[in-house]
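Trainee: I'd like a close look at the empty space inside this model, one spot in particular. Could you walk me through it and what surrounds it?

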Amino acid sequence: MISRNFKNVLVVSIGFLSLFTAYGGLQSLQSSLNAEQGMGVVSLSIIYASIIISSMFLPPLMIKNLGCKWTIVAGMACYVSYSFGNLYPGWYTLMPTSVILGLGGSPLWSAKCTYLTISGNMQASKDGKKGSDVINQYFGIFFFIFQSSAVWGNLMSSLIFGQDTNIDFIPEEQLLTCGAADCGFNISVNSTTTRPAQQLVWTLVGCYIGVGVLAMLIVGVFLDNIDQEQSSQFRGNREPFCHTFLATFRLLKDWRLVTLIPLTMYSGFEQSFLSGEYTKNYVTCALGIHFVGYVMMCFGATNSLSSFLFGRLARYTGRAALFLLAALVNFACIMVLLFWRPHPDELPVFFVFPALWGMADAIWQTQTNALYGILFPRHKEAAFANYRMWESLGFVIAFAYSTFICLEYKLYILLSVLLLTVVTYPIVEYYEYKNPTLPVQEGTYLSHKETIQTCDKNIISQTQM
């Protein structure tokens with residue numbers, strides 16, 4: 001029989017899998033599907049700008065009032081609204097729903113990270129294991145299931161758009177402008193990004209809305225409310241609003257968090273490059289929009305498998321070795337992308353880059369999330385709010401300059417942030433190695449009834465020496 005905590009990890013993972021089957025598919029298509037006046041990329045910028053704003057105050061406020069479970073459900077509803085906005089995409093539909101999604105994004109991810117950290121510490125205390133090992137394992141399982149959403153969401157888009165009978169031939173003159181050979185500003189007006197038939201767009205978005213609503217039902221019905229008592233106590237002893245509002249910023253006094261900012265922002269830069277630049281300037285330009293889904297499926301598959309593998313491998317290799325591997329893989333990919341000129345005759349190569357990128361991204365995601373949970377066990381909500389805020393800032397900056405800077409310079413910026421990360425992250429890792437952060441005591445995660453039983457059995461040792 002699986003443990004109750006493991007069951008909850010599976011429920012959260014499957015809920016996010018269903019939700020991001022929709023959002024991940026839409027995000028991959030925005031730069032190509034809604035290319036007119038850069039509307040798709042602008043909507044993504046607004047999403048992550050809104051996430052930054054919500055990170056400043058919403059996660060601690062919502063998690064402590066609603067608890068992790070209902071914060072996740074509320075955040076999922078915000079994501080579903082963005083799918084509705086894509087039914088009739090325009091400035092007056094995409095932009096408001098982008099803001100709504102962004103406001104719900106940070107509480108959603110902070111609640112998920114907090115939930116997995118609490119579950120990991122609870123299970124570790126029951127099994128007598130090290131908390132960081134169980135947390136690493138739970139984040140690995142989550143990202144293994146969650147990252148496969150890129151497979152299913154992009155498979156849906158490719159199968160549906162593949163039915164379009166108006167797929168155009170790509171002229172040789174256009175192929176000369178693909179990749180870093182050209183700025184990439186003129187790709188949005190060529191024939192390969194001709195919008196698919198409206199009926200096919202409606203079919204795809206309708207499917208995405210359906211799986212988004214399913215995600216809300218899965219979490220709402222099957223997920224245990226493990227922090228219900230803490231939420232009730234918070235509502236009964238409510239802190240001043242300004243205290244909760246500033247919780248995210250107060251944590252910036254910790255130099256470790258400040259030093260991790262380049263690492264966290266790089267996560268946003270590298271994800272936005274693949275979904276916004278690679279799909280548009282390499283795949284759509286040389287192969288056509290109907291290939292975007294297939295290529296991103298390759299990313300999702302390797303990301304999912306690598307997340308599961310590295311989540312388990314971290315206990316033997318440590319985080320630092322894995323981060324080094326991810327940095328080397330990304331560095332190699334960036335250097336090759338600077339010189340590669342994509343052509344339809346080199347079809348397998350289009351899948352190699354997202355496969356390698358997916359492996360590296362799996363490390364950035366699983367290990368960075370676990371690192372935040374391990375370093376800041378007593379300020380989980382504020383820590384993960386900071387994580388979403390700085391990661392989102394990376395997204396915003398990358399999407400903001402997307403229509404203004406040549407692709408070559410975008411690759412140089414990505415490379416610069418990666419090198420800064422390689423310099424700053426080891427400082428935190430070395431300090432943690434010399435001065436390990438103590439996990440939160442077991443009693444913090446026990447229910448009220450369990451706490452009473454524990455105290456009754458251990459009255460003599462109740463006071464720590």
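Trainee: Which residues line the second largest cavity?

Mentor: Housekeeping before the answer. The model is predicted, so local features need pLDDT of at least 70 and side-chain atom pairs count only at pLDDT 80 or more, while totals for chains, interfaces and linings use all residues. Numbering runs from 1 along each chain as its sequence is written, and side-chain values use heavy atoms, leaving out hydrogens and water.

Now your spot: the second largest cavity is lined by Phe 269, Ser 272, Phe 273, Glu 277, Ala 398, Phe 399, Tyr 401, Lys 410 and Leu 414. A cavity here is a set of points on a 1 Å grid over the protein atoms alone where a 1.4 Å probe fits but cannot get out; a pocket is an open set with protein on both sides within 12 Å along at least five of seven lines, and lining residues have an atom within 4 Å of a point. The volume comes to about 70 Å³, taken as the space filled by probe spheres set on points joined across faces, edges and corners.

H13 brings the largest share of that lining, four residues, and H13, H17 and H18 each supply at least two. (Helices are DSSP runs of H or I with at least four residues, strands are E runs of at least two, numbered from the N terminus.) By type, the lining splits into six nonpolar, one polar and two charged; Ala, Val, Leu, Ile, Met, Phe, Trp, Tyr, Cys and Pro count as nonpolar, Asp, Glu, Lys and Arg as charged, and the others, Gly among them, as polar.

Your cavity has company: searching the whole structure turns up three cavities of 30 Å³ or more. The largest one has a volume of about 440 Å³. It is lined by 30 residues, with Phe 20, Gln 27, Phe 146, Gln 147 and Gln 271 closest to its centre. Elements giving it two or more residues include H2, H13 and H17, but H1 contributes the most, with five. That lining comes to 16 nonpolar, ten polar and four charged residues.

Next, follow H17 (380–400) across to H2 (39–55): their axes come within 8 Å and cross at roughly 155 degrees. Axes are lines fitted to C-alpha atoms, for helices over the stretch in contact, with angles from 0 to 180 degrees between N-to-C directions. H2 and H17 are therefore roughly antiparallel, the label for angles over 145 degrees (under 35 is roughly parallel, 65 to 115 roughly perpendicular, the rest oblique). Phe 399, from your cavity's lining, is among the H17 residues that H2 meets, along with Met 389, Phe 395 and Val 396; meeting means heavy atoms within 4.5 Å. On the H2 side, Leu 44, Tyr 48 and Ile 52 are among the partners. Overall, this contact has 13 nonpolar residues, three polar and one charged.

H2 also has H3 (58–85) as a neighbour, with axes that come within 14 Å and cross at roughly 170 degrees. That pair is therefore roughly antiparallel too. Here Ser 43, Leu 44, Ile 47, Ser 54 and Ser 55 in H2 meet Leu 58, Pro 59 and Tyr 82 in H3, which gives five nonpolar, three polar and no charged residues.
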